[in-house]
Amino acid sequence: MKKEKIRRTLVGWQGIVAEVPCDWSLASIGGDGKSGYFRVDSPHSLSLEVKWFTGSSERIDVRRRLEEFLKDLGRKARKRKVNFEYKIKSKEDGTISFTWQADRKAVGKLTRCDRCKRILIAQVSGLSSDNVSGVASQILPSLMDHSEDGWQTWAVYDLIAEVPPDYRLEKHQLMAGYIRLNFRKGVNRLTIERWGLADVALRKCTFTEWYADRVRYDFRPFRYSMQEVDFDGESAIEVTGRRHGLKEILRSASELLRGKSPAIFLDACAWVCEESNKIYSVQAIHSRQEKVFDEVVDRVECH
């Protein structure tokens, strides 16, 4: 009997990435690059949970941390008057695997990385009737705490992008029809956006008219030009600009007085992905020295 091939996608937050079946969806996120959590749910009863924290592996007894994590689950189970049992097994590569069983069951692992200094506890859980071991054996090996080149992967719903490691997430919006991730490195800012249902959005206007309306507030501090271009066969718009006006001159002077090269330049690119029926946009407000915009655009996957 031929084994059915399951379509998979990435889920990534703060550079921590896992490969899950396409019908699983991000359900919860929290924290930052040093300490955080995300959960991805299947359409039924299975879940992937990943928790991370940062610290020197020499100073932290990671097995003890795992035992505390499992004992906390046990206390919650006892409050529900449910028996809780767990097993821990250390492996030669430094990974610690574990299983637990209560009214649900789970298979997980703990890893620590000497390069990014992050310690991860990840588990796949489900009902007693679920094939938790089988699913965990497919998902947990795909878990990564950093990329080879150091760029951080962000993969939420159908937006997959990478940003330089020194950019930190400042704020975000995750909505069904709209995703926005705002990053900052000193005076430099990156914004990555995705809109759903491009055919509906562009039903009564051109792409240029639609995009100009969306960015008119964000681009107000700039004198800029906008032109239609071809972006790998997709309809696209490129924007270049520079801050203007007395308020912006004062802002730049303030940044110079603080010893910082002012972020006076604007670069942006937006395109319609016909295959996914989505609109994507990348904006960079940056200093003269900061030249990551083109590479960020190249690292946004739209389909």
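**Exercise 1. Is Asp230 buried or exposed, and at what relative accessibility?**

Solution. Asp230 has 60% relative accessibility, so Asp230 counts as exposed. The classes are: buried under 20% relative accessible area, exposed over 50%, partly exposed in between (1.4 Å probe, protein chains only).

Before going on: this is a predicted model, where local features need pLDDT of at least 70 and side-chain atom pairs count only at pLDDT 80 or more, while totals for chains, interfaces and linings use all residues. Residues are numbered from 1 along each chain as its sequence is written, and side-chain values use heavy atoms, leaving out hydrogens and water.

**Exercise 2. Find the salt bridge between Asp72 and Arg75 and place it in the fold.**

Solution.
- Recall the cut-off: a side-chain nitrogen of Lys or Arg lies within 4 Å of a carboxyl oxygen of Asp or Glu.
- Check the pair: the closest N and O atoms of Asp72 and Arg75 are 3.7 Å apart.
- Place it: Asp72 and Arg75 are three residues apart in helix α1 (residues 62-79), so about one helical turn separates them. Helices (H or I, at least four residues) and strands (E, at least two) are DSSP runs, numbered from the N terminus.
- Check exposure: Asp72 is partly exposed at 29%, and Arg75 is partly exposed at 43%.

**Exercise 3. Which parts of the chain does the Asp149 and Arg299 pair link?**

Solution.
- Start with the contact: their side chains meet in a salt bridge at 2.9 Å, N to O.
- Locate the ends: Asp149 sits in the loop between α2 (132-139) and β10 (152-156), and Arg299 in the segment after α6 (293-298), 150 residues apart.
- Compare exposure: Asp149 is partly exposed at 41%, whereas Arg299 is buried at 18%.
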